[in-house]
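User: I have a structure open and would like to understand the labels people put on its parts. Could you take me through the reasoning behind them?

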Amino acid sequence: MKVLMLGDVVGQNGCRTVCRKLPQLRREYAVDVAVVNGENAAEGNGILPADARALRDAGADVVTTGNHVLRRREIYPLLEEEDWLLRPANFHPEAPGRGITLFDGLRFSLCVINLQGTVYMDPLENPFDCVDRLLKGVTTPNIVVDFHAEATSEKLALAFYLDGRVSAVVGTHTHIQTADERILPGGTGALTDLGMCGSFQSILGVKPALAIKRLRTHLPVRFENDPGPVRISGILLQIDEKTGKTTKIQRLNID
């Protein structure tokens, strides 16, 4: 089974580009399942129903998110209605939506879990305890985790913690792709961060001048997404459907 996972989609520029290129990527890499993090697909941050549906229609089998997902209340009904749209599973139980789904590919199934880190982020349920609880109800060996977290240490710790129990643990949130892809001893693929799908000549998707002004002056600045050429970043996993182990891991960067 080939699983394509793309990093945070940033702004309408990134969303349009992913929607345009995803069908081609699926064909070119013979992708069986595509998982896309739509965390920042709306201008500014968050995700709107139109963004989520556009990614879905373009070929995203599962759309994951992160800490900004609930900032746009318009997305709440869709989070409740659709099992292909996820928010971190360790959000408070009163949060709309779900953090785990099972994709049925007929000849195989793939469980996708969305989690959020707690180091330098909101004080949510401990992601280690949360994933232990979720895995008790999973019957397929094919499981990928989108861990939306800030600290590389926390991301790597979760990957090692789950080694041999899930197919892959990949990080999102920092918008910068890391070069530490690996297959752990137990067969779990890992990458600290997928990167982003947004303007590459920017600062994490934001117009450079605005980010510089904020950092230089520490004054309030309204960020705007950069409209420049988009780089699509992510990873391609090859998973043994019988064992759930990752047999190949390949970073992708497409300009």
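User: What stands opposite glutamine 116, and how do you know that its strand pairs with that neighbour?

Analyst: Happy to help; bear in mind that this is a predicted model. Glutamine 116 faces histidine 148 in β7. For two strands to count as paired, at least two bridges must be found between them. β6 (residues 109–116) and β7 (residues 143–148) share six bridges in the parallel sense, so they pass that test.

User: What makes histidine 148 a buried residue?

Analyst: Buried means under 20% relative accessible area. Histidine 148 has 0%, so it is buried.

User: Which residues does histidine 148 contact once its neighbours within four places in sequence are left aside?

Analyst: Histidine 148, which lies in β7, is in contact with residues including Asp8, Asn37, Glu39, Thr65, Asn67, Gln116, Met121, Thr172 and His173.

User: Why is the link between histidine 148 and asparagine 67 called a polar contact?

Analyst: The pair of N or O atoms has to lie within 3.5 Å, with one able to donate a hydrogen and the other able to accept it. The side chains of histidine 148 and asparagine 67 are joined at 3.1 Å, so the distance falls within the cut-off.

User: What makes β5 and β9 edge strands?

Analyst: Start with the strand order, β5-β6-β7-β8-β10-β9, in an open sheet of six strands with mixed pairing. β5 (100–104) and β9 (182–183) each pair on one side only, and that makes them the edges.

User: In which sense do β5 and β6 pair, and over how many bridges?

Analyst: They pair in the antiparallel sense, over five bridges. One place to look is phenylalanine 103, whose bridge partner in β6 is leucine 110. The hairpin of β5 and β6 has four residues between the strands, and leucine 106 there takes a positive phi near 70 degrees.

User: Why is β6 described as largely enclosed?

Analyst: Seven of its eight residues are buried, so β6 is largely enclosed by the rest of the structure. As for helices, α4 (residues 127–135) lies across β5, β6 and β7, at about 155 degrees to β6. Helix α5 (residues 152–161) packs on the sheet too, touching β6, β7, β8 (168–172), β9 and β10 (189–191). The direction of α5 makes about 170 degrees with that of β8.

User: How many cavities of 30 Å³ or more does a search of the whole structure find?

Analyst: One. The largest cavity has a volume of about 30 Å³. Its lining includes Lys155, Leu156, Ala159, Val169, Val170, Ala190 and Leu191. At least two lining residues come from each of α5, β8 and β10.

User: What makes the phi of histidine 175 worth a second look?

Analyst: Most residues other than glycine have a negative phi. Histidine 175 is not a glycine, yet its phi is positive, near 70 degrees. You will find histidine 175 in the loop between β8 and β9. Its relative accessible area is 12%, under the 20% limit, so histidine 175 counts as buried.

User: And why is leucine 204 called partly exposed?

Analyst: Partly exposed covers the range between the buried limit of 20% and the exposed limit of 50%. Leucine 204 is at 41%, so it counts as partly exposed. This residue sits in the loop between β11 (196–199) and α6 (208–217), and it has a positive phi of about 55 degrees although it is not a glycine.

User: Is glycine 228 buried or exposed, and how do you know?

Analyst: Glycine 228 has a relative accessible area of 17%, so it is buried. It belongs to the loop between α6 and β12 (230–239). Leaving aside neighbours within four places in sequence, glycine 228 is in contact with Asn13 and Ser199. The C-alpha atoms of glycine 228 and lysine 207 are separated by 9.0 Å, with the two residues 21 apart along the chain.

User: What makes β1 largely enclosed, as the description goes?

Analyst: Four of the five residues of β1 (residues 2–6) are buried, so the rest of the structure largely encloses this strand. β1 runs antiparallel to β12, with five bridges between them, and valine 3 has leucine 237 as its bridge partner in β12. β1 also runs parallel to β3 (residues 33–37), joined by four bridges, and leucine 6 stands opposite valine 36 in β3.

Methods:
Residues are numbered from 1 along each chain as its sequence is written. This is a predicted model: local features need pLDDT of at least 70, side-chain atom pairs count only at pLDDT 80 or more; totals for chains, interfaces and linings use all residues. Side-chain values use heavy atoms; hydrogens and water are left out. Contact means heavy atoms within 4.5 Å. Axes are lines fitted to C-alpha atoms, for helices over the stretch in contact, and angles run from 0 to 180 degrees between N-to-C directions. Buried means under 20% relative accessible area, exposed over 50%, partly exposed in between (1.4 Å probe, protein chains only). On a 1 Å grid over the protein atoms alone, a cavity is a set of points where a 1.4 Å probe fits but cannot get out, and a pocket is an open set with protein on both sides within 12 Å along at least five of seven lines; lining residues have an atom within 4 Å of a point. Grid points are joined across faces, edges and corners, and a volume is the space filled by probe spheres set on the points.
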